[in-house]
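Hello,

Here is the structure I promised to pass on to you. Please open it alongside this email, and then read on for what turned up in it.

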Amino acid sequence: MIQVENLKKSFKQSENSIDILKNLNLEVKKGQKVGILGQSGSGKSTFLSLMSGLDTPDTGEIRINGVNTTKLSEKEWTQFRAKNISIVFQQYHLVGHLTAVENVMLPLEILGHSSKDAHEKAIALLGEVGLKDRSHHLPNQLSGGESQRVAIARALITTPNLLLADEPSGNLDQETGMKVMNLFFDITSKFNTTTLLVTHNEQLASRCDVVYKLSQGRFEKL
Ligand SMILES: Nc1ncnc2c1ncn2[C@@H]1O[C@H](COP(=O)(O)OP(=O)(O)OP(=O)(O)O)[C@@H](O)[C@H]1O
Ligand SMILES: [Mg+2]
């Protein structure tokens, strides 16, 4: 499903160039959940940006479902991402003037589904995350945990081939974070969603099928 080979990424800072990812290799099977740990600044979010095509590697290859994404143009990436990849961030990034159900519908509408179809699926998914009765709330009328559940529903409505999650419970109190992540694992297991989960929480990472620590620009299997 995913093959990453010899991935390298450095950032130029005035005269200097800092190597963040030095030689990353990774193989992920369909439906597998991969936990990624690593110190702050080790390059976890950078790695997810490369996987989602929001940034480009210096060298190396990323294959997702057989497609060498490092060869895609920006336009091709936009289409490929819409069809295949969803992202959940620590900040929920909901669209402020859209209700919960409209936020969840959005990715399907972008893919050209009818409003009726998108609405039906969005309501069903909001039910799955326990928010049917919050469908018409705006983001500023939702709690943090509720917002993140909407973001998870929005991420999964397209049944993506790959789900990227960057500290999805990082903004939530421990108890709410735990509940949201229980739901996250329930739904991704039910949908058999291939998932890369970046977290600082070792206990959370250990719920994944395999755990890597990003250190010195490389993955170390734990
Ligand atoms: N656009 C950029 N220009 C220069 N340096 C950058 C850029 N983006 C990231 N970096 C640097 O790359 C390093 C890795 O950043 P990254 O955000 O990937 O870390 P992280 O592992 O996600 O950390 P955290 O756990 O704090 O979120 C950091 O030292 C950061 O300063
Ligand atoms: Mg980060």
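Below I go from the whole chain to two of its helices, then to the ligand and a few backbone angles.

Please keep in mind that this is a predicted model.

**The chain as a whole**

The protein chain has seven helices and ten strands. Its radius of gyration is 17 Å, close to the 17 Å that the globule rule gives for 222 residues, so the chain is as compact as a globular protein of that length. If you would like a feel for its dimensions, the C-alpha trace spans about 50 × 40 × 35 Å along the principal axes. Buried residues account for 38% of the 222 residues. Taking contacts between residues at least 6 apart in sequence, 69% join residues at least 24 apart.

**Helix H6**

A good place to start looking is helix H6, residues 174-190. At 1.5 Å a residue, its 17 residues should span 24 Å, and the end C-alpha atoms are indeed 24 Å apart. Which residues of H6 are buried? They are Gly177, Val180, Met181, Phe184 and Thr188. These cover an arc of only 100 degrees around the axis, which puts them on the same side of H6. There is a simple background to such patterns: an α-helix has 3.6 residues a turn, so residues three or four places apart point the same way.

What covers the buried residues of H6? The cover includes three strands, E3 (33-37), E7 (162-166) and E8 (194-198), along with helices H5 (144-156) and H7 (202-205). Turn the model around and you will find exposed residues on the face of H6 that points away from its buried side: Glu175, Asn182, Asp186, Ser189 and Lys190. After H6 comes Asn192, with a positive phi near 55 degrees.

**Helix H4**

Helix H4, residues 115-128, can be read in a similar way. Its 14 residues reach 20 Å from the first C-alpha to the last, close to the 20 Å expected at 1.5 Å a residue. Ala118, Ala122, Leu125 and Leu126 are the buried residues here. They cover an arc of only 100 degrees around the axis, which places them on the same side of H4. These buried residues pack against H3 and H5, while Lys116 and Asp117 are exposed on the other side of H4. Gly130 follows H4 and has a positive phi, near 75 degrees.

**Around ligand 1**

Next, have a look at ligand 1. The residues around it are Phe11, Gln13, Ile20, Gly38, Ser40, Gly41, Ser42, Gly43, Lys44, Ser45 and Thr46. Strand E1 (2-13) and helix H1 (44-51) are the elements that give two or more residues to this shell. The largest share, three residues, comes from H1. By type, the shell divides into two nonpolar, eight polar and one charged.

**Two backbone angles to check**

Most residues other than glycine have a negative phi, and most peptide bonds are trans. Asn6, in strand E1, has a positive phi near 50 degrees. Asn6 is partly exposed, with 13 other C-beta atoms within 10 Å. His93 also has a positive phi, of about 55 degrees, although it is not a glycine. You will find His93 in the loop between strand E6 (85-88) and helix H3 (100-110). His93 counts as partly exposed, with 14 C-beta neighbours inside 10 Å.

Enjoy exploring the model!

Best wishes

Definitions and conventions. Residues numbered from 1 in each chain as written. Chains lettered and ligands numbered in written order. Predicted model: local features only at pLDDT ≥ 70, side-chain atom pairs only at ≥ 80, totals over all residues. Helix = DSSP H or I, 4+ residues; strand = E, 2+ residues; numbered from the N terminus. Expected span 1.5 Å × (residues − 1). Buried ≥ 20, exposed ≤ 12 C-beta atoms within 10 Å, placed from the backbone. Arc of directions from axis to C-beta. Contact = placed C-beta atoms within 7 Å. Near = placed C-beta within 6 Å. Nonpolar A, V, L, I, M, F, W, Y, C, P; charged D, E, K, R; others polar. Rg over C-alpha atoms; globule rule 2.2 N^0.38 Å.
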